[in-house]
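I sat down with this one to look up how its parts hold on to each other. My notes follow, in the order I went.

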Amino acid sequence: MIQLKDGVTWVGAVDWDIRNFHGYITHRGTSYNAYIVQGEKTALVDTVKAPFYETMLRHIEEVVDPKDLDYIVANHAEPDHSGALTRIAKKAPDAKIVTSDRGIPVLKKYYGDMDLISIKEMPQVDLGGKTLSFTPVPMAHWPDSMVSYIPEDKLLLSNDAFGQHIASTARFNDEVDQAVLWQEATAYYANILMPLSRTVNNAIKALAGLDIEMIAPSHGIVWRKDIGDILAAYTRWVGGETRPRAVIAYDSMWKSTQEMAYAIAEGVSSTGVETRVFNLTETHRSDIITEIMEARAVLVGSPTLNNHVYPTVAGFLAYMRGLKPQNKIGAAFGSYGWAGGAKRFVEEQMKLAGVELVENDLDFSYKPTEEEWRKCYEFGAMMGERIIS
Ligand code: FEO
């Protein structure tokens, strides 16, 4: 079994196969991390998604007999962490189940009536040689979210915060490919926590007084080396910091909108701005949002289909609107046959997503002419200048 610290053991489960986590494409699977914390008494912090109960149980039994558990801590009621709670609780009849005040009704709604102790009553648990100290972090990720801190080990069991969806036999951040780790940490923030940046910032402030040497989230890899890097990244992300990058997301029926997207991309990149283009049929919206999070500009192109927006573009706009990327300038463009409509819809939705729109008349019938291609290029170049100005 993998020990994080003396008396703190990982007993979670790796989900190698999951590729869709409530609408977010998880190319590399994930893990549900649970931890046994042992002093004179023993606690289980978090559980796993229901189908992984047996795996977790096997891991727990390698460390302790479950009937000897004194506490089970439910940092978060979402079923990826609480799905095995009732079954492990049956194996541990003497264990007190501790959760946040706001977690109590949620756990009861999911799993029926059970005895639960609020962290208002029990803000910390003295295990004898180890302490579990609880801090509510509402809306990082759900209203009930909380974290557990072990001061003796300077170890934060952070639940969803600081996680990544990575399935791996490695458990620590100095054991994995750094590019993969950071790609997945960024994707995780963009697709899960970005719309909650204000409350995640509150959580970071609530934890500011803690002396933290290791952060063990409930998904993916444990941060034990250079933890300042992930804390700095979260500070940038909650603040909506951007870099000179433009993301162009489009779809196309007969390649007219595609030609426009490519022309705009050439224009933007002529100013030296990093430019990335994604076709919305070929690339999943969650991967595009990851690219958008740190970009300064987002441009969205759609053909008009049946006097309306193209369906993949509509889906992407709904996703972006929900995730509320911060500090973006942007623009819409598109092509149509005999009647338009898509560009106006895209603009409305981008405004609702909080994007500061740059007006343009890039709405062309049938196929862009040479002159219209040039207009796209020049608009792209103008956007590039705005991005770096
Ligand atoms: Fe990983 Fe909000 O659950």
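**Domains first**

I started with the domain contact: 16 residues of domain 1 touch 14 residues of domain 2. This is a predicted model, so everything below is read from predicted coordinates. The domain assignment puts domain 1 at 3-238 and domain 2 at 246-384. I also looked up the distance between their C-alpha centres, which comes to 38 Å.

**Salt bridges**

How many salt bridges turn up in the whole structure? My search gave 22. As a reminder to myself, side chains of opposite charge can pair when their charged atoms come close. I picked out a few to look at one by one.

Lys67 and Asp68 pair through their side chains, with N to O at 3.9 Å. Are these two buried or exposed? Neither label fits, because Lys67 has a relative accessible area of 48% and Asp68 has 40%, while buried needs under 20% and exposed over 50%. I wrote both down as partly exposed.

Next I checked Lys108 and Asp113, whose side chains form a salt bridge at 3.3 Å, N to O. Lys108 is partly exposed at 32% relative accessibility. Asp113 goes down as exposed, because its relative accessibility is 70% and the cut-off for exposed is over 50%.

Then I went to Arg245, which makes a salt bridge with Glu291, and the closest N and O atoms sit 3.9 Å apart. Where in the chain are the two partners? Arg245 is in strand S17 (residues 243-250) and Glu291 is in helix H9 (residues 285-293), so I noted a link between distant parts of the chain, 46 residues apart. Both Arg245 and Glu291 are buried.

Last in this batch, I found a network of salt bridges that joins Lys5, Lys154, Asp211 and Glu213.

**Helices H6 and H7**

I finished with a helix pair. The axes of H6 (residues 197-206) and H7 (residues 227-238) come within 9 Å and cross at roughly 145°. I logged the crossing as left-handed.

Which residues meet there? From H6 I listed Ser197, Val200, Asn201 and Ile204, and from H7 Tyr234, Trp237 and Val238. Sorted by class, this contact has five nonpolar residues, two polar ones and no charged ones. The salt bridges I had been chasing have charged partners, among them Arg245 and Glu291, whereas the contact of H6 with H7 has no charged residues.

Conventions: Residues numbered from 1 in each chain as written. Predicted model: local features only at pLDDT ≥ 70, side-chain atom pairs only at ≥ 80, totals over all residues. Heavy atoms only, no water. Salt bridge = Lys/Arg side-chain N within 4 Å of Asp/Glu carboxyl O. Buried < 20%, exposed > 50% of the residue type's maximum accessible area, 1.4 Å probe, protein only. Helix = DSSP H or I, 4+ residues; strand = E, 2+ residues; numbered from the N terminus. Axes fitted to C-alpha atoms, helices over the stretch in contact; angles between N-to-C directions. Left-handed = near helix turned anticlockwise from the far one by under 90°. Contact = heavy atoms within 4.5 Å. Nonpolar A, V, L, I, M, F, W, Y, C, P; charged D, E, K, R; others polar. Domains from an automatic or database assignment.
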